[in-house]
Amino acid sequence: MNFNDNLPIYIQIMNLLTKRIILGELKGGEKLPSVRELSTELKVNPNTIQRSYQELEREGIVFTQRGMGTFVSEDRAVLNELKQNRASNIIMHFIQDMNSLGFGKDEIIELIKDMAKEAK
Amino acid sequence: MANIAEIKGLTKLYNRKKALNNVTLDLESGKIYGMLGPNGSGKTSLIKILSGILRESSGEVLIDGHKPGVHTKSVVAYLPDRNFLYKWMSIQDAVNLFKDFYGDFDEYRAYELLDFMKLDRNMKTTELSKGMMEKLNLTLILSRKAKLYILDEPIAGVDPVARDQILNAIINNYDGESTMLITTHLVRDMENIFDDVIFLKDGEVRLIGNAESLRAEKEKSIDEIYKQIFGE
Amino acid sequence: MGKYIKYEIKGSYKFILGIIAILIIATTAIQLDGFYNLANGFDSFLTVGIPLIIILGAMITAFFYIVGSFRKELYEDRGYLTFSLPLSGKQILGSKLIVAALWFFLLGISVVIYNAGLAMLFYAKDGYPMMKEFLKILWSKDVRSFIILSTISSITTLVMIYFSIALSRVTIKNKKIGGFWFVIFLAMNSLYGFIGVMLNRAFPYYFDFANWNMMKSSEMNPVSSLAMSGSPVITGGFTGSIYYGIASLALTIIVGVGLFYGTSYLIEKRIDL
């Protein structure tokens, strides 16, 4: 995996895992790879992976069961919120990019409507 | 957390030149340290002093509470940047030697690692390529349950496959209690395995800190911070 | 320390066995020549001279190999292993000395025994009594004490060589002037010899270990005793006994022990690889 330069690695790993959860690669209730497994896979210090898991747990996205490992939350509300957050993020970026190309709010909406029709 | 190594006012002179200038540094247990700096920055001198094969000119070094000597050599696992095995040895001889001299050496772990590295025990050490040699030396070092591992340029000059095997071996064998001190020129390849980084320049500690904090604070990778410090 | 001795032996036994093989072949040639000449009555330089040169060469090679193995620890990459083992300088040096002594002994003994056996075979008629006579001489008090005392003196010399190598490594970092140790050794050895002579002159008592007999050098028969004033060893008297200068012998032991500690200190506390 290539890491972005200007973000702490643990945040990038959190992003990676939430992406996997949103995409359904990791389903609600599914076990995350162990710290050691992920650490080997990504070639990242185990302490860093541990920190990502702790932060994800603090945000309620995953939970730990003693001696069993770390699991993806089964709470639909949490997962939906994740999805919503992700969607807002993508749209915010998109709007910023379009703005920089000189498109206004209404123009963007028009363009999207047209594109959506054509795609049908 | 307890310190495995305490370095106070360490200076090493070669003739008049200062290879190390008043270095003060503690290494905590349970951390992987990256020691970064160009050639001549004093990395190797510091490592050799910790390993007990070089003497300081002044200052003090304590490892596991002892000055470098017989005791510290029994708790420090040192991977030099060169082929240090005796030329007459086979891989098996080298394993036997480590088993004989180091009480913390785990023979079975060594055989597992040799398999993982795809090394044949019957090969002579003189028949090995640079990459195989590096893998063998690392196997021997990581098969010890040492308190302090010192790895000098563990991935220098090896191909990408061997590099991945070596990185995996380091991560898999890191138990979270011992300390690792790793030097490398290939900052980009290794920076993600460091807890803390130490930048050495002209024999002095230029910057030291938690790798993640430094990334957050400077909004740069360790590799870029390295280039910034040493590119001046 | 026993473990380190094991690895010292493992590292050098092939070479030493090779030297022994060469010595055995060369001495066999000389013996064959002697046997053949006895039968036919003529002589040849080729069959005696060349093997003699080979024997000399092999002994010198073995000597430099053993000395060189110590030098390699200080100058080559293998030192990174040796000096990161949890061993003290005394243990490393002691092991090296023990193995060196072992090899010199083995070289000497195997060649002597082999040749005695070979001679017995050649001159089978009177071989057995000859062998018995030979062994009697070999096991005489004189020869035994000679072997023990020359071992002591050889070990002191070897320690002095090791000390010179370690000192030159510690003082001069440059590999190219590696031969500097020899200058140190020559200077030390001359000084040691000189002091020995001066001590023997100041305290002129000599001891014959075979007969447990002490004598003052002035009391010895000046005609039959073969020595300069102050010489560390006097072979003398009608008995052929060997007298050792007490003062110089004490000096040998003191210098040997002192340099052992000195060298151990250098390789443990002053080594810069």
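## A tour from the chain B sheet to the cores

Begin by selecting N3(B), whose bridge partner in strand 2 of chain B is E28(B). The model is predicted: local features need pLDDT of at least 70, side-chain atom pairs count only at pLDDT 80 or more, and totals for chains, interfaces and linings use all residues. Residues are numbered from 1 along each chain as its sequence is written, chains are lettered from A and ligands numbered from 1 in the order in which they are written, and side-chain values use heavy atoms, with hydrogens and water left out.

**The sheet of chain B**

Extend the selection to strand 1 (residues 3-14) of chain B, which 8 bridges join to strand 2 in an antiparallel arrangement. Strands and helices here are DSSP runs numbered from the N terminus (strands E, at least two residues; helices H or I, at least four), and two strands pair if DSSP finds at least two bridges between them. Further along this pairing, L13(B) has K18(B) of strand 2 as its bridge partner. The hairpin formed by strands 1 and 2 of chain B has 2 residues between the strands, and N15(B) takes a positive phi near 55° there.

Next, add strand 4 of chain B, which pairs with strand 1 in the antiparallel sense over 5 bridges. E6(B) can be selected together with L62(B), the residue opposite it in strand 4. With all 3 strands displayed, the open antiparallel sheet of chain B reads in the order 2-1-4. Strand 2 (17-28) and strand 4 (58-63) are at the edges with a single partner strand each, so one side of each has no neighbour in the sheet. From one strand to the next, the twist averages 15°.

**Helix 3 of chain A**

Move to residues 46-58 of chain A, the 13 residues of helix 3, which reaches 18 Å from its first C-alpha to its last, close to the 18 Å expected at 1.5 Å a residue. The expected span is 1.5 Å times one less than the number of residues. Among the residues buried in this helix are I49(A), Y53(A) and L56(A); buried means under 20% relative accessible area, exposed over 50%, and partly exposed in between (1.4 Å probe, protein chains only). The partners against which the buried residues of helix 3 pack include helix 1 (9-22) of chain A and helix 6 (160-173) of chain B.

**Two positions in chain C**

Select S164(C), in helix 6 of chain C. S164(C) is buried, with a relative accessible area of 0%, and touches W181(C), I184(C), F185(C) and M188(C), not counting residues up to four places away in sequence. Contact means heavy atoms within 4.5 Å.

A202(C), in helix 7 (residues 180-202) of chain C, is exposed, with a relative accessible area of 65%. Measure from A202(C) to A247(C): the C-alpha atoms are 8.7 Å apart, while the residues are 45 apart in sequence.

**The nonpolar cores**

Finally, display the largest nonpolar core, of 134 residues, where L85(B), F98(B), I170(B) and F199(B) have the most contacts. Such a core is a set of buried Ala, Val, Leu, Ile, Met, Phe, Trp, Tyr and Cys residues joined through side-chain atoms within 4.5 Å. Its largest share, 9 residues, comes from helix 6 (residues 141-171) of chain C. A second, separate core has 21 residues, including I9(A) and Y10(A).

Technical notes: Axes fitted to C-alpha atoms, helices over the stretch in contact; angles between N-to-C directions.
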